[in-house]
Amino acid sequence: MEKVENSERDAMAFDVVIVGAGPAGLSAACRLMQLAQAAGQELSVCVVEKGSEVGAHILSGAVIESRALDELFPDWRERGAPLKVAVSRDELYLLRNEQKAVRIPQALIPATMHNSGNHVVSLGNLCRWLAEQAESLGVEVFPGFSAHQLLLNADGSVGGIITGDMGVGADGRALDSFTPGLILRAGYTLFAEGCRGHLGRQLYRRFGLDADSDAQHYGLGLKELWDIKPERHQPGLVIHGSGWPLGDGASGGFFLYHTENHQVVVGLIVDLNYRNPYLSPYDEFQRLKHHPLLAQYLEGGKRVVYGARAIAKGGFNALPKMHFPGGLLLGCNAGTLNFAKIKGTHTAMKSGLLAAETVFAAMAAGDEGGRDLADYARRFRDSWLHEELRAARNFGPALHRFGPFAGGAFNFIDQNLFKGRLPLTLHDNHPDHASLRPTRECTPINYPKPDGRLSFDKLSSVFLSGTNHAENQPCHLQLHDPSLPLGSNLLLYAEPAQRYCPAGVYEIVEENGEPRFRVNAQNCVHCKTCDIKDPAQNITWVTPEGGGGPNYPNM
Amino acid sequence: MKIVVAVKRVIDYNVKVRVKADNSNVDLNNVKMSINPFCEIAVEEALRLREAGVASEIVVVSIGPKQAQDVIRTALAMGADRGIWIDSADAEMNALDIACLLGRVVEAEQPGLVLLGKQAIDSDNNQTAQMLAALCDFPQATFASAVTVEGDQVVVTREIDGGLQTLALDLPAVISTDLRLNEPRYVKLPEIMKAKKKPLTTTTPEQLGVHLENTLSLLRVEPPAERSPGIRVESVDQLIENLKHQAKVL
């Protein structure tokens with residue numbers, strides 16, 4: 001297809017365009033409108049979201065702290081925010097093997113991991129509620145539209161985004177239904193795409209945002225929602241743990257939360273700095289559920305939803321510069337998750353509030369956009385968000401460098417005795433994609449076959465994510481060098497994409513006796529792991545046609 | 001000519017449908033809802049008739065709780081002119097109730113053509129268009145795969161078991177749409193904003209003079225039986241053996 005020139009596209013202008021209807025983007029949208037209304041000013045704000053509806057691509061544990069929500073809507077209870085299940089009990093375990101679990105006494109748990117006062121929520125539902133609040137404040141929320149490209153001003157500043165073209169065939173040619181993407185011009189564009197946002201990646205490169213920060217670190221979170229037997233349900237019970245089945249240089253942690261309506265969520269986060277290319281995060285998660293600690297709740301229940309999403313957990317040391325001419329980075333697109341608390345919602349929301357306050361202050365003073373708002377960094381430094389993330393800065397690096405035992409002990413001392421004020425900073429600059437070892441140095445892992453009761457195969461899981469992409473469209477997983485998967489990845493690492501992808505997108509199939517690399521892009525749940533973990537950094541995730549991807553309900 | 005299009009809000013076609021634990025109904029908790037795909041095709045056809053100069057106004061009607069307005073807005077964003085929402089609150093309704101309500105709208109609006117999806121993908125009844133045609137005493141053509149208006153007649157190609165059937169109907173008429181009639185357009189972002197400002201009137205069954213009297217009661221909903229897992233056989237002989245003695249199909 002001929003490239004569509006920007007002059008041929010329809011354009012709309014807003015004061016602020018926000019990319020991504022997650023907790024960060026929607027909090028920013030609400031706050032902008034609150035500030036404008038308080039000041040009696042007109043402000044036009046729009047939010048674009050690639051999911052088919054708000055919440056469709058949201059996946060989180062989630063136990064959340066309400067601190068940022070309290071600031072945004074002090075009356076959230078009266079407004080009916082879906083924070084209905086308060087944490088009633090908090091348990092932390094170390095799994096020694098497939099049978100044994102050791103409960104960590106409360107007194108030895110790092111203070112950051114205490115959950116009293118927090119709520120078990122569906123982040124998807126919280127975002128749906130936030131979107132309703134935003135719309136009633138006058139924000140235009142557009143689900144089903146992906147922010148596909150950056151719109152750059154003549155001076156190189158960001159001037160908005162261009163939504164994806166619709167109705168493009170797999171060969172790149174326009175179909176009868178072709179509808180060109182739209183230019184959304186903005187004074188300021190707030191990027192809240194979540195972890196490893198694809199425009200965020202371009203911004204990092206264009207403006208060198210991560211030049212002075214440590215390498216970002218990631219985890220892959222896999223999650224399922226289960227209907228369990230009513231007699232096994234204990235609303236508000238929160239279980240965390242680590243250990244088995246991960247080991248041999250692989251780390252991570254699991255969770256099981258009892259929510260409302262006899263449902264539990266169970267999940268595993270696998271740190272993406274694992275070394276053995278034979279490791280399959282998906283299969284680790286499936287076998288984890290057979291541990292008696294988790295099976296006691298799941299037995300006799302029914303799995304309802306499956307999903308997966310990468311998280312950015314590098315924390316304070318990996319935070320990039322979050323402002324650049326014409327825009328700001330918000331939430332997990334920058335990496336504001338607090339790994340010591342295993343929570344990112346309140347921090348993402350707070351970053352959204354700070355971004356909104358920054359942009360509104362500038363615009364109220366007559367700024368028409370396109371400037372580099374360093375004021376965001378100042379507001380961040382003066383906020384509890386900075387204090388909280390700084391205090392947790394050593395948590396992840398300690399676990400990476402010293403392992404779960406010594407690292408855990410370090411974290412106990414750092415977090416409980418020194419409240420995160422130990423006068424030293426640990427760094428971990430080894431990127432996750434460089435951590436794989438060649439297969440010849442590693443042992444294959446034999447995963448047990450799924451039993452169809454507690455554990456399941458990948459394809460039946462993807463089915464439960466409601467994933468759908470319009471069939472005839474260009475592949476949204478781009479290989480820079482199409483020869484690398486077979487040429488080097490297969491030989492060196494037995495093509496790890498087959499195993500790290502939690503949705504069965506990548507396959508090595510045999511055709512006429514020759515291996516072939518197949519990309520089943522229609523299965524993609526938009527977790528971004530391939531963009532992160534490919535050892536050759538050869539895969540770039542771009543947005544498919546808007547509305548495609550998973551359709552998560554209350555995830 | 002004015003066209004009335006009926007649209008229904010249903011469980012999204014990408015969602016895996018689940019049955020409530022007590023088997024009383026389908027579980028709609030936290031489930032994504034969308035415009036019924038056949039209704040979307042009906043809206044698209046109305047738009048094409050307007051673009052062809054045949055229709056001048058497109059009125060979209062939906063019946064249901066407050067969220068039914070969402071699918072009216074979707075149709076308005078596609079290009080329909082105005083909407084009517086019949087607020088039925090949480091009332092359980094069958095196809096005849098719906099047809100009666102739509103009949104009152106047709107009476108008031110006096111359209112030249114009424115377009116409906118052939119069925120809703122939730123209940124799969126395939127009744128409303130037929131009942132509506134009978135109530136209005138209009139000619140009907142169901143399962144349309146092509147529609148052309150010629151003077152005061154509409155020529156409709158229908159998808160039937162044996163192939164295609166072409167009918168000519170006097171207007172006003174009722175048509176229900178099949179899958180191959182058209183491919184609905186993408187909704188454009190500026191149109192979604194415009195749709196928020198298009199007129200949408202609200203009415204109720206009482207105001208329309210229809211007494212809802214659901215004569216059906218739903219006894220039980222069950223998911224399809226789960227297929228038992230397959231087994232891998234070692235040889236063709238074993239397969240034949242199993243087909244003969246276990247499956248008893250040979």
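Which residues is A:Leu32 in contact with, leaving aside its neighbours within four places in sequence? In this predicted model, A:Leu32 meets A:Val16, A:Ile18, A:Leu43, A:Val45 and A:Leu190, and it is also in contact with A:Ala356, A:Val359 and A:Phe360, once the neighbours within four places in sequence are set aside. A:Leu32 belongs to the largest nonpolar core, a set of 84 residues, and it is listed together with A:Val48, A:Leu184, A:Leu190 and A:Phe191 as touching the most other members. The element that gives the most to this core is helix α8(A), with 10 residues. Apart from it lies another core, of 71 residues, which includes A:Leu59, A:Phe254, A:Ala308 and A:Ala310. As a general background, nonpolar side chains in soluble globular proteins tend to be buried together.

Helix α8 of chain A, which spans residues 345-364, also has a helical partner, since its axis and that of helix α10 of chain A (residues 384-391) come within 10 Å and cross at roughly 140 degrees. The crossing of α8(A) past α10(A) is left-handed. On the side of α8(A), the residues that take part are A:His346, A:Thr347, A:Lys350, A:Ser351 and A:Leu354, and they meet A:Trp384, A:Leu385, A:Glu388 and A:Leu389 of α10(A). Sorted by class, this contact of α8(A) with α10(A) holds 4 nonpolar, 3 polar and 2 charged residues.

From the helices the reader can turn to a sheet in chain A. Three of its strands form an open sheet in the order β3-β7-β4, with antiparallel pairing, and the edges are formed by β3 (63-64) and β4 (85-86), each of which pairs on one side only. Between β4(A) and strand β7 of chain A (residues 119-120) there are 2 bridges, and the two strands run antiparallel; here A:Ala86 stands opposite A:His119 of β7(A).

Is A:His119 buried or exposed? With a relative accessible area of 10%, A:His119 is buried, because that value falls under the 20% limit used for burial. Not counting neighbours within four places in sequence, A:His119 is in contact with A:Ala62, A:Val63, A:Ile64 and A:Trp76, as well as with A:Leu83, A:Val85, A:Ala86 and A:Val87. One of these contacts, A:Ala62, lies in the loop between β2 (45-49) and β3 of chain A, and the peptide bond that leads from A:Gly61 to A:Ala62 is cis, with omega near -5 degrees.

Another histidine of chain A offers a second case. A:His430 sits in the loop between α11 (395-417) and α12 (458-463) of chain A, and it counts as partly exposed because its relative accessibility is 46%. Beyond residues up to four places away in sequence, A:His430 touches A:His217 and A:Ser435, while its C-alpha atom is separated by 40 Å from that of A:Asp227, a residue 203 places away along the chain.

In chain B, strand β6 (residues 113-117) is mostly covered, with 5 of its 5 residues buried. B:Leu113, B:Leu115 and B:Gly117 point one way from β6(B), whereas B:Val114 and B:Leu116 point the other way, and all are buried. Strand β6(B) pairs in the parallel sense with strand β1 of chain B (residues 2-6) over 3 bridges, and B:Val4 has B:Val114 as its bridge partner in β6(B). It also pairs in the parallel sense with strand β10 of chain B (residues 173-177), here over 5 bridges, and B:Leu115 stands opposite B:Ile175 in β10(B). Before β10 of chain B, in the loop that follows β9 (163-170), is B:Pro172, and the peptide bond from B:Leu171 to B:Pro172 is cis, with omega near -5 degrees.

Some backbone details remain. Most residues other than glycine have a negative phi, and most peptide bonds are trans. A:Asn261, although not a glycine, has a positive phi of about 50 degrees; it is found in the loop between β16 (252-258) and β17 (263-271) of chain A and is exposed, with a relative accessible area of 54%. B:Asn23 likewise is not a glycine and has a positive phi of about 60 degrees; its place is in the loop between β2 (9-11) and β3 (33-35) of chain B, but B:Asn23 is buried, with a relative accessible area of 16%.

Note on methods:
Residues are numbered from 1 along each chain as its sequence is written. Chains are lettered from A and ligands numbered from 1 in the order in which they are written. This is a predicted model: local features need pLDDT of at least 70, side-chain atom pairs count only at pLDDT 80 or more; totals for chains, interfaces and linings use all residues. Side-chain values use heavy atoms; hydrogens and water are left out. Axes are lines fitted to C-alpha atoms, for helices over the stretch in contact, and angles run from 0 to 180 degrees between N-to-C directions. Helices (H or I, at least four residues) and strands (E, at least two) are DSSP runs, numbered from the N terminus. A crossing is left-handed if the near helix is turned anticlockwise from the far one by less than a right angle, and right-handed if clockwise. Contact means heavy atoms within 4.5 Å. Ala, Val, Leu, Ile, Met, Phe, Trp, Tyr, Cys and Pro count as nonpolar, Asp, Glu, Lys and Arg as charged, and the others, Gly among them, as polar. A nonpolar core is a set of buried Ala, Val, Leu, Ile, Met, Phe, Trp, Tyr and Cys residues joined through side-chain atoms within 4.5 Å. Buried means under 20% relative accessible area, exposed over 50%, partly exposed in between (1.4 Å probe, protein chains only). Two strands pair if DSSP finds at least two bridges between them.
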